[in-house]
Amino acid sequence: WRACGFSTAGTVKEARALATLRHRSVVALLDAGEEQGRPWLALELVRGGTLQRRLDRQGPLAPREAAALVLALAEAVAHAHRHGVLHRDLKPANVLL
């Protein structure tokens, strides 16, 4: 974690902020802790694939489907930002469908 720029204190702070989020398009934080000096997060299981996998298999989304997804993502990100949470790695491989 430290080699990647993460710290235990920073992860705990982020986990506390993440735990406050309640939104239909945000994966829930179930638990957090530290084991042998390494912080960890346990998140809600989301069945289904990623947006990246969907795009790789089926190509671009239809315009209405893309617009609906962008709206849901924008609402989720805005909700997170209002609670002091920044995603920092929003990309198709991290969008769960």
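## The hairpin

Strand β1 (residues 29–35) and strand β2 (residues 38–43) pair in the antiparallel sense over six bridges. This is a predicted model. The two strands form a hairpin, with two residues between them. Q36 sits in that turn and has a positive phi of about 50°. Most residues other than glycine have a negative phi. One bridge pair can be named: A32 has L41 in β2 as its partner. In a regular strand the side chains alternate between the two faces of the sheet.

G33 belongs to β1. Its relative accessible area is 25%, so G33 is partly exposed. Leaving out residues up to four places away in sequence, G33 touches R38, P39 and W40. G33 also has a computed distance to A15: the two are 18 residues apart in sequence and 9.1 Å apart in space, C-alpha to C-alpha.

## Overall layout

The protein has 97 residues. Its secondary structure comes to three helices and two strands. From the N terminus on, the order is α-β-β-α-α. The helices are α1 at residues 8–19, α2 at residues 51–58 and α3 at residues 63–82.

Of the residues, 21% count as buried. The accessible surface comes to about 7,200 Å². Carbon and sulfur atoms hold 57% of that surface. Among contacts with a separation of 6 or more, 57% join residues 24 or more positions apart.

## Confidence

The average pLDDT of the protein is 85. A score of at least 70 is reached by 88% of the residues. Helix α2 has the highest confidence, with a mean of 97. Helix α1 has the lowest, with a mean of 72.

Over residues 1–6, pLDDT stays under 50. The model has seven contacts beyond four places in sequence for this stretch. Where pLDDT is low, the predicted coordinates should not be read in detail.

## The nonpolar core

Which residues make up the largest nonpolar core? There are nine: A15, A17, L18, L21, V26, L29, A76, A80 and V85. Helices α1 and α3 each supply at least two of them. The largest share, three residues, comes from α1. That helix also has the lowest mean confidence, at 72. In soluble globular proteins, nonpolar side chains tend to be buried together.

V26 is one of the core residues. Not counting residues up to four places away in sequence, V26 touches L21, E44 and A76. Of these contacts, L21 and A76 are listed in the core as well.

## From α1 to β1

A28 lies in the loop between α1 and β1. Is A28 buried, partly exposed or exposed? With a relative accessible area of 24%, A28 is partly exposed, because buried means under 20% and exposed means over 50%.

Beyond its neighbours within four places in sequence, A28 is in contact with A42, L43 and E44. A28 and A42 are 14 residues apart along the chain. Their C-alpha atoms are separated by 8.8 Å. E44 is also a contact of V26.

## Helix α3 and the segment after it

H79 is placed in α3. Its relative accessibility is 10%, so H79 counts as buried. Leaving aside neighbours within four places in sequence, H79 is in contact with L21, R22 and H23. L21 is a member of the nonpolar core and a contact of V26.

R88 lies in the segment after α3. What is the phi of R88? The value is near 70°, which is positive in a residue other than glycine. The relative accessible area of R88 is 63%, so this residue is exposed.

Technical notes
Residues are numbered from 1 along each chain as its sequence is written. This is a predicted model: local features need pLDDT of at least 70, side-chain atom pairs count only at pLDDT 80 or more; totals for chains, interfaces and linings use all residues. Side-chain values use heavy atoms; hydrogens and water are left out. pLDDT is the predictor's confidence in each residue, from 0 to 100. Helices (H or I, at least four residues) and strands (E, at least two) are DSSP runs, numbered from the N terminus. Contact means heavy atoms within 4.5 Å. Buried means under 20% relative accessible area, exposed over 50%, partly exposed in between (1.4 Å probe, protein chains only). A nonpolar core is a set of buried Ala, Val, Leu, Ile, Met, Phe, Trp, Tyr and Cys residues joined through side-chain atoms within 4.5 Å. Accessible areas come from the Shrake-Rupley method with a 1.4 Å probe; for residues, only the protein chains shown count as cover. Two strands pair if DSSP finds at least two bridges between them.
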